[in-house]
Amino acid sequence: MRAKTMEYFDQLIPKGMVLAKEAKEQGKPVVGYYCVFSPIELIEAAGAIPVGLCATKQEPIAEAEKILPRNLCPLVKSSFGFAISGKCPFFHFSDFVLAETTCDGKKKMYELLSEHKPMIVLDIPNSATLEDLNEHWLKQIYRAKEYFEKNLGTEISREKLREVIKVYNEERKLIMELVSLNKHHPTPITGTDLLKVLWGRSFQFNRQEFLDQVKTLITELKEMVANGQFSCSPDSPRILVTGCPTGVGQEKVMGIIQECGGAVVLQESCSGIKGFVDLVDEAKDPFLALAEKYNKIPCACVSPNKGRLSLLSKLVEDFRVDGVVDITLQACHTYNIESYSVKEHLRKNHNIPLLQIETDYSESDTEQIKLRVEAFLEMLK
Amino acid sequence: MTWSIGIDVGSVSAKGVIFNGEKWDYVVIPTGWMPRQAGKEVLDQLLRKADIGLDNVGIIVGTGYGRVNLDFTHKTFSEIVCHARGAHYLFPQTQGIIDIGGQDSKAIAIDSEGKVKDFILNDKCAAGTGRFLQVMAQVLGYEVSELGERCGTTEPVEIGSMCAVFAESEIIGLLAQGVSQERIVAGVLLSIARRVGTMATKLNLGPHVTFCGGVAQNQILQRFLKEQTGWEMEAPEKPQLVGALGAAIIGYELCGGGK
Ligand code: SF4
Ligand code: SF4
């Protein structure tokens, strides 16, 4: 069974496109951002609307390949293709772009993108053990602050930022509450629906309405659990999805897992809970607190990436996971290599098997993926 | 007496095994362009061979890539678990399976009860599959089944390309340079063994491994694989039947056969 409130979230992205246009017409600045490393509280505190630009669709890739190499992560190609083809309203209506130096593909793509939009690229160190990590991040946060202040003609005061941080923390707590309903077995909400809510978060223009709907969804799901109504059958193996971001429009692998009888309990990735698990410390200086939160994102671009392993450890225990599926996008070296460490970590410490699926956004490998997923689920039973 | 039937429709051939808990018999025919028809034909032939009617069959289990097309099966299982069960039945001590199929190659780790512990399949392209061998055989004007006899113990030539298309032109180039066909055949087999061996050693299967799939009959390839992995390797007499046999065994247990 599916919660009725999901209808709101089905409409979120198409509706967001219209709202982006309206916001522009009302003279409200819009700032696009690409990944979970973006301290979006700053954008909001500068009086602008943050929108997610990270694209996960096949459609614009051909356009991107006119410039970018074919053998590149589809996420980078898709994002770039959307940007240069003018087909993404969110990119189109963005006044500025906030980006960061994460993986090589993204970094170099941003160089090309800067010809199409004014942007600020935060300099993120690839080392998690950099001695002055916090200071470094703090400097980047201040750089972004100054950039927005200058270009948007505003001032980002500590008070304003504190307020925004509070609101965002509330949102994070609420989303984690929603996700944690899937600790129940069988799960009340499918992985693809959870993705819709979490992904939709970056395309909403009315925060209060969004939060209210999440609350309604939580209430509805709790009722479903009480009435014995679920999104999967009791014998579905519980699957945690990890790896590269999987966005709406490319739920291919998650869809296959569900189709083959597995329950995607939650996603530990940027399209999942990665950005929601940690709160920003409200007791500290807000700029410092932002820096501290964002330098802890357990992304494979950063080395070593121990945070991802401990997060996974916690999740597989809390959510009583039977198996992990690691989605690696083609040509994403960081996640592809890290897959080995994740697999070994889960095997040794939790005796949980991992299936790595290497894929892109096309549909050409659907049958191959099905075969692997079916066998994996049979193995878990 | 209850019988169970396992039908494995692969890209090259359709295989069927009929099993009654003690003995089994089999049928192999080419898949052709119509996997559904091939599967049905296998079923009919099996029934005729065993001289029984469909009502004596407790369950029909489908496997292989064509299993979705079979509307007369009661259950389907992936090739992976079927191979594991089949190999375990034939060689109870086996710890792993290497299977080189027409479309893909796989390595499967199994526990002492024949259950799958882990598995890995080759990626999208043809390298390391039966298809690669087929393309190479064609260039040289041989049948795939002949490849084993064609090289004896000659020194393999180094084939660098992993891609079937590039390897094809590489072979044409080698022929033009006057390299003997025997050495080229050996080179092709060695390149497959390297590719599959590397994949399999990721799973640490050994030392007791079952080699199956049609290609397993090729003695030279088997030798190369042994050298690559350092594992003992055993190929059943009919290596292409392991999946169908496994399906039949799983089916036999599911329908409570013998009890
Ligand atoms: S995986 Fe890393 S680089 Fe990619 S979106 Fe997530 S945080 Fe950004
Ligand atoms: S998926 Fe990997 S390659 Fe693609 S943008 Fe993210 S980190 Fe970079």
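## A tour of the two chains and their ligands

Begin by selecting chain A, where 53 residues of domain 1 are in contact with 53 residues of domain 2, contact meaning heavy atoms within 4.5 Å. What is on screen is a predicted model, in which local features need pLDDT of at least 70 and side-chain atom pairs count only at pLDDT 80 or more, while totals for chains, interfaces and linings use all residues. Residues are numbered from 1 along each chain as its sequence is written, chains are lettered from A and ligands numbered from 1 in the order in which they are written, and side-chain values use heavy atoms, with hydrogens and water left out.

To colour the two parts of chain A, use 5–154 for domain 1 and 160–380 for domain 2, bounds that come from an automatic or database domain assignment. The C-alpha centres of these two domains of chain A lie 21 Å apart.

**The ligands**

Select ligand 1 next, and with it the residues around it (those with a heavy atom within 4 Å): A:Cys35, A:Phe37, A:Thr102, A:Lys106, A:Pro245, A:Cys270, A:Cys299, A:Cys301 and A:Tyr335. By class this shell has 7 nonpolar, 1 polar and 1 charged residues, where Ala, Val, Leu, Ile, Met, Phe, Trp, Tyr, Cys and Pro count as nonpolar, Asp, Glu, Lys and Arg as charged, and the others, Gly among them, as polar. Because domain 1 and domain 2 of chain A both give residues to the shell, ligand 1 lies between them.

Moving to ligand 2, show A:Cys73, A:Leu75, A:Val76, A:Cys103, A:Lys106, A:Cys244, A:Cys301, A:Leu329 and A:Cys332 around it. The shell around ligand 2 divides into 8 nonpolar, no polar and 1 charged residues. Ligand 2 also lies between domain 1 and domain 2 of chain A, since both give residues to its shell.

**The sheet of chain A**

Now display the strands of chain A, of which 4 form an open sheet with parallel pairing in the order β2-β1-β3-β4; strands (E, at least two residues) and helices (H or I, at least four) are DSSP runs numbered from the N terminus, and two strands pair if DSSP finds at least two bridges between them. At the edges stand β2 (49–52) and β4 of chain A, each with a single partner strand, so one side of each is left without a neighbour in the sheet.

Pick A:Val30 to find its bridge partner in β2(A), A:Ile49; 4 bridges join β1 (residues 30–33) of chain A to β2(A). Then go to A:Leu98, which stands opposite A:Ile120 in β4(A), within the parallel pairing of β3 (residues 96–100) and β4 (residues 119–122) of chain A over 4 bridges. From β3(A) the chain crosses through helix α6 (residues 104–113) of chain A to β4(A) in a right-handed β-α-β crossover, right-handed meaning that, with the strands pointing away from the viewer, the path from the first strand over the helix to the second runs clockwise.

**Chain B**

Finally, select chain B, whose assignment gives domain 1 (1–91 + 240–258) and domain 2 (93–235). The centres of these domains of chain B, taken over C-alpha atoms, are separated by 26 Å, and 14 residues of domain 1 of chain B are in contact with 22 residues of domain 2 of chain B.

In chain B, 5 strands form an open sheet of mixed pairing, ordered β3-β2-β1-β4-β5. Strands β1 (residues 3–9) and β2 (residues 13–19) of chain B pair in the antiparallel sense over 6 bridges, and a place to stop is B:Asp8, whose bridge partner in β2(B) is B:Lys15.
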